[in-house]
Amino acid sequence: MKDLVGIKELSKGDIELILNTASSFKDILKRDIKKVPALRGKTVVNLFFEPSTRTKTSFELAEKRMSTDVLNFSVPTSSVVKGESLFDTVKTIEAYGVDFIVIRHSSSGVPHFIARNVNASVINAGDGINEHPTQALLDAFSIIEKKGSLSGLKVAIVGDILHSRVAKSDIFLLSKFGANIRLIGPPTLIPDIADRNVEVFYEMDNGLEDADVIMMLRIQIERQGRGFFPSTLEYFRNWGLDMRRLKLARKDAIVMHPGPMNRGIEISSDVADSSQSIILEQVTNGLAVRMAVMYLLSGRNEDA
Ligand code: CP
């Protein structure tokens, strides 16, 4: 496989290979010397057309840990602001002979378009409301670390599913592994999904009952415009995760959030910082998962 543009395109076996490889990289990251020469001589460009904290820093650190040469492309100081097209920008960067292009863009489908037009491996770091495959992979890795497997788990995904590329990638992945997915949120923010593994709940209390995993999602005000719910106060009252609601799930339920969090809107601070929250472990695991993705796309595992 040349690119990672979405979870939809991956088989169960592909995903298992990535997660097993990530597990080996996680062991390496526990050592004193965390850097490996696995991708020495390779060059990667990080092209982020949308803001990012976790994904950008995670890719950059993963690239450095793998000994690649890293180019960080800064959109606001580039010729994009002079009107250069995405195609010309990417072709210009490709002329340096880069091996990987990591791209985040506000338009769905941009990574797919680039992948068709360059020889470099393209990794989707989030495209519009479409997919965020490395987030779903790190989510799966984090759940398996805590629960042993995905099959049969009751996973509640709560909030702005309509605008969430994380939710879409998670649903594709969890479905392939036989998890029971519950989508919880206001009717205006839940798209029609015909999947035998997916149930929809508009009442949060019902949806959380006996859940093994609760994945909270950010309310994406920047993609919504107005009118999807009356107010943020009203939203928290109906679909926010607080301590009372957390108690409706299983005692050993884990709480996840891809970040960035809106504390007090979709999740209360006491839940976000509780012992059941694995939000920061998700960030840690993202590093090993992204190292695994780049290593496998490079084909160097086949040389070994
Ligand atoms: N989870 C995630 O994509 O976070 P960032 O927007 O900070 O990269």
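Good morning. I begin with a definition: the domain bounds used here come from an automatic or database domain assignment. The model I am presenting is a predicted one.

Let me start with the chain. The assignment gives domain 1, covering 12–131 + 283–303, and domain 2, covering 133–279. Taken over C-alpha atoms, the centres of domain 1 and domain 2 are separated by 26 Å. To the contact between them, domain 1 contributes 28 residues and domain 2 contributes 25 residues.

I turn now to the ligand. Where does the ligand lie with respect to domain 1 and domain 2? Both domains give residues to the shell around the ligand, and therefore the ligand lies between them. The space that the ligand takes is the largest pocket.

Which residues surround the ligand? They are S52, T53, R54, T55, R104, H132, Q135, P258 and G259. By character, this shell divides into six polar residues, two charged residues and one nonpolar residue.

Next, the individual contacts. In the side chain of R104, an N or O atom is 2.9 Å from an oxygen atom of the ligand. The side chain of H132 likewise has an N or O atom 2.9 Å from a ligand oxygen atom. With G259 the backbone takes part: one of its N or O atoms lies 3.4 Å from a nitrogen atom of the ligand. As for burial, the ligand on its own has 250 Å² of accessible area, and the protein covers 92% of that area.

To summarise, the ligand takes the space of the largest pocket, and its shell draws residues from both domain 1 and domain 2. R104 and H132 approach ligand oxygen atoms through their side chains, while G259 approaches a ligand nitrogen atom through its backbone. Thank you for your attention.

Methods
Residues numbered from 1 in each chain as written. Predicted model: local features only at pLDDT ≥ 70, side-chain atom pairs only at ≥ 80, totals over all residues. Heavy atoms only, no water. Near = heavy atom within 4 Å. Polar contact = N/O pair within 3.5 Å; in protein donor to acceptor, adjacent residues only side chain to side chain. Areas by Shrake-Rupley, 256 points an atom, 1.4 Å probe, with all protein chains shown as cover. 1 Å grid on protein atoms, 1.4 Å probe; cavity = no way out; pocket = protein on both sides within 12 Å on 5 of 7 lines; lining within 4 Å. Sits in = over half its atoms within 2 Å of the grid points. Nonpolar A, V, L, I, M, F, W, Y, C, P; charged D, E, K, R; others polar. Contact = heavy atoms within 4.5 Å.
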